[in-house]
Every structure is written in C-alpha cells, then in structure tokens.
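Visitor: I have a structure open and would like to go through it with you. Can we start with one of the loops?
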Amino acid sequence: MEVIRRVWVCSILLTFFCCVLRVPAQEPNNPPPTFTKDVAPILQKHCQTCHRPGEAAPFSMLTYEDTRPWAAMMKIAVAQKIMPPWFADPRYGHFANERSLSADEIRTLVTWVNGGAQKGPVEDMPPALNSFVEGWGIPAPDAVFQLPKPFSVPAAGVIDYQYVIVPTDFREDKWVEMLEVRPTDRAVVHHIIAYLREPGSNYFKDQKPGVFFTAPPPKVDEKTDTSALPSDFLVGYAPGQPAEILQPGEGKLIKAGSDIVFEVHYTPNGTPTKDQTKLGLVFAKALPKDRVLTLSASNGTFKIPPGDPDYRVDASFEIQRDLKLVALHPHMHSRGKSFEYRLVFPDGKRETILSVPVYNWHWQLWYDFLKPVDLPRGTKIECTAHFDNSKNNPENPDPSKAVIWGQQSWDEMMVGFFNLKFDASIPAEEIKAQGSVHVH
C-alpha cells in the first residue's frame, strides 16, 4: 500500500505548480456544490472501491471527514485526469469498467473545492453502498485459499519468484463467477498469479504442496521463447487491479481435484515485513452457459538495445473456434511505453480495439468490453508494445543496459492477456492453440 501511496502523492505534487492556474474557477453567481448532495455520489461511483479502509488507496473517501483534508489535492488530480487511473485512448473500444470522470463530474469536484469544500445538509447524503465486504472487493467468498504460512520479506535484496501449491480438495467441478487475490501487505508485492494445476498435469508435478519453492531456471538459448503461460491462468493481482467479477451466465472452471499454484513476486522496500496472500472465490449459483478462459499473446525473444527510446515488439494469437472476446490486459514493466491490441479478421479487415498510448506500469488495469466482440475462427489478436530504454524515461533503472525477458522488475515482459468467452460445453484444449509470434 505504501508504494501506491507514494506513487499517488508524488504524481500529483509533480503537476501541482504547473497546472494550478489552469484549473477552472467557480462560476460567480451559482452556489457551490456540497459534499453530501453533489460530491458523495461521484465518489461512490468512481472512487470508493479503492478509497476505503483496507484497500490500496492512501486514504478513505467514505465520509466528508475522511475526504475534506485531501480536497486541494483531489482538485489537481481530477483536473489533470491523474485520478481515477484510466489509460485507454477513447477513440478505440468501449469498456464497461471505464473509470474516467465526465467533464461535468470534474467540474463539480473542482467547483466544490473552489467553493470551500462545504459539507452540506446531512439529509442530502446518499445511503452508503452496501456492496462492500470488509477485506474483500467481492461479496463474502464461498471459499478462501491462503498461503500456508506468512512469507518473511527482508528489508533489502532480490527475491526469486516464490511458488506454493495449495490443494483445493474439491470433490466435484466448481464454477466460479467472482475471484480476488489479496496480499496482506501490498507494499512488497509486485504481482501474484494464481494458476490451476489440474489432475494429471506435469506442471511442478514433483513439488510438495504447502511449502514455498523457487522454479528452476528454464534451459534456453537465444531463439527459445519462455513467455507462454505455464498453466491455466485463474486470476492475478497487481497494483490497481480490482477483483475479477464475471457477468451473469459466465464462469471460470476449476475441475475436481485441482490444485492452485500461487506465483508471488516480492520486492523489498526497506522495511522487513510478512505477507500471507489469500484468494477468495464466489461460486456460480447455477451452471454457467459460457466459460471464460484467460490466455495471452506474448513474446519473450526480444532484446531492447541500450538507449533505444521506442523499441517495438509484436505478438499474435490465432483464434481456433468461433467465440467472443470480453476483456484485455496489457502487461509490461518499467520501460513499457505504449501497448495496442488489433484484430485481423479472416476477410483481411483490421480493427484497433485498445490503444494505451501512455503505459503506466504502476497501474496494471484490465479493460472489460461493454459488449463482447465476436471473433470468427481464424481471427488474429495482434499486440504491439513499445519500450523506452532511454535516459529520458524516469522509470528506467539502467538505460545503458540491453534488456531481455525476465521475471524481475528491472527486466522486461511483453504480454497481451485477454479473456475469451465460449460455450461451456467446449473443451478448453480446443481454444488454447498458441498463435504465431514475430518481432520487429
């Protein structure tokens, strides 16, 4: 949480002095908005998912008393569109989870601050949202799986990816409609992926459940691509990434006897601590009509030259059956500059479906389509990433270094995750055939 707090505050302070004069002033003949009548509904809609006790944001926005001390900083954040974090170019795609404030909402918040950030009559306050469950971004889970013991993170040093196998002990297949991974100390967690290991899988087949271990390094040469997902991706966590909540009639399948393999990337931050990450699942109330599967187009063969300000890497995935595309999730590290998804249909038609022109690796967002995109068999999902390995990138740990694929944050990754939806009766194996990968 402290990492996110510092990023949030520093981003705003860096822009404060250059933008304060451009913030629109209060209209002179109109009474200023109040918190209870005008501001609270906006915060409920856009902000309180993160800005509440126990969540990633650095302060709560549930009440006037929580919010008022931060009013001046809020004004800068919303006027400059720093908050809420949302990076999609509005020219491409329509997304159900878009976080951007409308022009009217921004105007209301700025005018509220300019007018003295007044509270307003208590009777104007909207009812508190009752959808929040303390400690979760989903309703109370039907099942919770946790690391078997706390992992001790030292104050400094490099920690290899930690893996733990946790049996589900499910005696029958389970369909889940809501999933959330939650670290108990976000400040030292770079990311987490919960994979599924189905019965009979060779994925870490000789590893004992319930103990931390590190994966042996893959045997590779310069032409070997090790970027593909090692097993079924169930759900992940990264800063800014909310719980995964599927639509009615959709579900992810956990087969009877499956294990959950936690992959946790810890990054020491100067203070020794412990983390005991947990995973919560909400089961579908009825057999879903459609199955959702997370796959990716990735490329691990790149080598970004030292100082290169705009290095391009491409990857693609060819669809093997008629199905629907429901969500996208670009992933890079600190040198990530921009990311784009395109569709190439069998008839040759091309369409850009997501453009992130300014990638921010501190906020690893999913982009959920407002309406699923139909993909006929033979459609290609193309991904293009650009990396800035120059000294002009303030996030660059070492512009003099050539950069290749790697697990640590000073290495790089190029992964275009996506969620596909298809008839629940279709075996996942018919969907998984990996598309071609190419590099520019």
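Visitor: Where does alanine 96 lie?
Guide: Alanine 96 is in the loop between H4 and H5. Helices (H or I, at least four residues) and strands (E, at least two) are DSSP runs, numbered from the N terminus. This is a predicted model, in which local features need pLDDT of at least 70, side-chain atom pairs count only at pLDDT 80 or more, and totals for chains, interfaces and linings use all residues. Residues are numbered from 1 along each chain as its sequence is written, and side-chain values use heavy atoms, with hydrogens and water left out.

Visitor: What does alanine 96 touch, leaving out residues up to four places away in sequence?
Guide: Asp368, Phe369 and Leu370. Contact means heavy atoms within 4.5 Å. Alanine 96 and phenylalanine 369 are 273 residues apart in sequence, yet their C-alpha atoms are 5.6 Å apart in space.

Visitor: And for the whole protein, how much of the contact count comes from residues 24 or more positions apart?
Guide: Such pairs account for 84% of the contacts with a separation of 6 or more. The protein has five helices and 21 strands. Of its 440 residues, 51% are buried, where buried means under 20% relative accessible area, exposed over 50%, and partly exposed in between (1.4 Å probe, protein chains only).

Visitor: Back to the helices. Is H4 enclosed or open?
Guide: H4 is largely enclosed by the rest of the structure, because seven of its nine residues are buried. Those are Ala71, Met73, Met74, Lys75, Ile76, Ala77 and Val78. Just after H4, lysine 81 has a positive phi of about 60°.

Visitor: Which residues of H5 are buried?
Guide: Glu105, Ile106, Leu109, Val110, Thr111, Trp112 and Val113. What covers them includes helix H2 (35-46), helix H3 (64-67) and helix H4 (71-79).

Visitor: What about the length of H5?
Guide: H5 covers residues 103-114, so 12 residues at 1.5 Å a residue should span 16 Å, and the end C-alpha atoms are indeed 16 Å apart. The expected span is 1.5 Å times one less than the number of residues. Glycine 116, just after H5, takes a positive phi of about 100°.

Visitor: Sheets next. What is the order of the open sheet of four strands?
Guide: The order is S14-S19-S16-S17, with antiparallel pairing. Strand S14 (311-318) and strand S17 (350-356) are at the edges with a single partner strand each, so one side of each has no neighbour in the sheet. Two strands pair if DSSP finds at least two bridges between them.

Visitor: How many bridges join S16 and S17?
Guide: Six, in the antiparallel sense, with S16 running over residues 336-344. Tyrosine 341 has leucine 354 in S17 as its bridge partner.

Visitor: Which residues is histidine 329 in contact with?
Guide: Tyr341 is one of them, and the others are Gln241, Gln364, Leu365, Trp366, Val415, Gly416 and Phe417, leaving aside neighbours within four places in sequence. Histidine 329 is in strand S15 (residues 323-331) and counts as buried at 4% relative accessibility. Its side chain reaches the backbone oxygen of leucine 365 at 2.8 Å.

Visitor: Last topic: how many disulfides?
Guide: Zero, taking a disulfide as a pair of cysteine sulfur atoms within 2.5 Å. For cysteine 50, the nearest cysteine sulfur is that of cysteine 47, 9.0 Å away.

Visitor: Is cysteine 383 buried or exposed?
Guide: Cysteine 383 is buried, at 0% relative accessibility. Cysteine 50 is partly exposed, with a relative accessible area of 27%.

Definitions and conventions. A polar contact is a pair of N or O atoms within 3.5 Å; within protein, one must be able to donate a hydrogen and the other to accept it, and residues adjacent in sequence count only if both atoms are side-chain atoms.
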